[in-house]
Amino acid sequence: MHLISKNAAQILKHPGAFLIKAAKSFLANNGLLLAGAVAYYALLSLVPLLILIVVALSHFIDQGELLQTAGHYLEWLVPSQSTVVVEELSHFLENRSVIGWALLGTMLFFSSLAFSVLNQAMSIIFYHRFLKRRRHFLISALLPYTAILMLGFGILMLTVLAHGVELLGEHDLVLGARHWSLEGVSGLLLYLLGLSSEILMFTLIYWFMPVGRLSFRHALIGGVTAALLWEGVRRLLMWYFAHLSQASVVYGALTTAVVVTLSFELAATLLLFGAQVIAQYELLSGSRTDQAADTTA
């Protein structure tokens, strides 16, 4: 515990030097190229993954509610382009009767690509863990599909909670002769629900993806940091696309693909850089442990 406090104190004393070192390690690991690969395969995976999840969950929840929830929270992932993505998704779902086993298997394969590439990127960033231990190949093969199941369960819970919060906004708080509308409270709760889900998603990625068991406290710190950074970047992107961007003039029909890819690229960069910060902290702790062992010897 004393060792952890000493490392944390050193980072807090020289945060700039620590972040610069983490950035150099990130670039040395080709972090920008890894982020590009994750973003590319995430773009390929987005629509098939949403189709699979919505088709599966529509047996339990109304499809309209699922699409509404997906559209609301896709805005956190693809600023200003969620409406287009949901429209394409709804058009496909209108003809879902044509989905055969071959197409279902293809969608499942493409849905798992982003998680597979992310898993490989994490093994490069946490190379010090990979050198000491290896993950069984069956676990590596099943990890993307486990992530899809967890994401589907998360969307199910998010839809139920969001529907409950929206119903809450339709009521008034009555105290004596005074009435207060809960519509504003409902909007705040929906925002906090989205932010909490985002933090949880980042945290679980940091906790499960690296080889070996990562400290949940470290994963949570990384998750909170990455989510807050992405929230700032997301709002900046929303403002830029609303006021300054001329992407539709330059790219025409490709605008949605370009904007979504850019959003994924920035999100993947923040995600992987957050992982690099955690890895850098682990390396700092490991080096101090080795120094202490050498001094004792």
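**Exercise 1.** Find which helix holds glutamine 276, and work out whether glutamine 276 is buried or exposed.

*Solution.* Start with the address: glutamine 276 sits in helix 12, residues 255-296. Helices here are DSSP runs of H or I with at least four residues, numbered from the N terminus. This is a predicted model, where local features need pLDDT of at least 70, side-chain atom pairs count only at pLDDT 80 or more, and totals for chains, interfaces and linings use all residues. Numbering runs from 1 along each chain as its sequence is written, and side-chain values use heavy atoms, leaving out hydrogens and water.

Next, the cover: glutamine 276 has a relative accessible area of 1%, so it counts as buried (under 20%; exposed is over 50%, partly exposed in between; 1.4 Å probe, protein chains only).

**Exercise 2.** Which residues does glutamine 276 touch, not counting residues up to four places away in sequence?

*Solution.* Ala22, Ser25, Phe26, Asn29 and Ile125 are the ones, with contact meaning heavy atoms within 4.5 Å. Now zoom in on asparagine 29: its side chain makes a polar contact with that of glutamine 276, at 2.9 Å (N or O atoms within 3.5 Å; within protein, one able to donate a hydrogen and the other to accept it, and residues adjacent in sequence counting only if both atoms are side-chain atoms).

**Exercise 3.** Check the span of helix 4 (residues 63-74).

*Solution.* Take 1.5 Å times one less than the number of residues. For the 12 residues of helix 4 that gives 16 Å, and the end C-alpha atoms are 16 Å apart, so the two agree. As for cover, Leu66, Leu67, Thr69, Ala70, Gly71, Tyr73 and Leu74 are buried in helix 4.

Terms used
Helix = DSSP H or I, 4+ residues; strand = E, 2+ residues; numbered from the N terminus.
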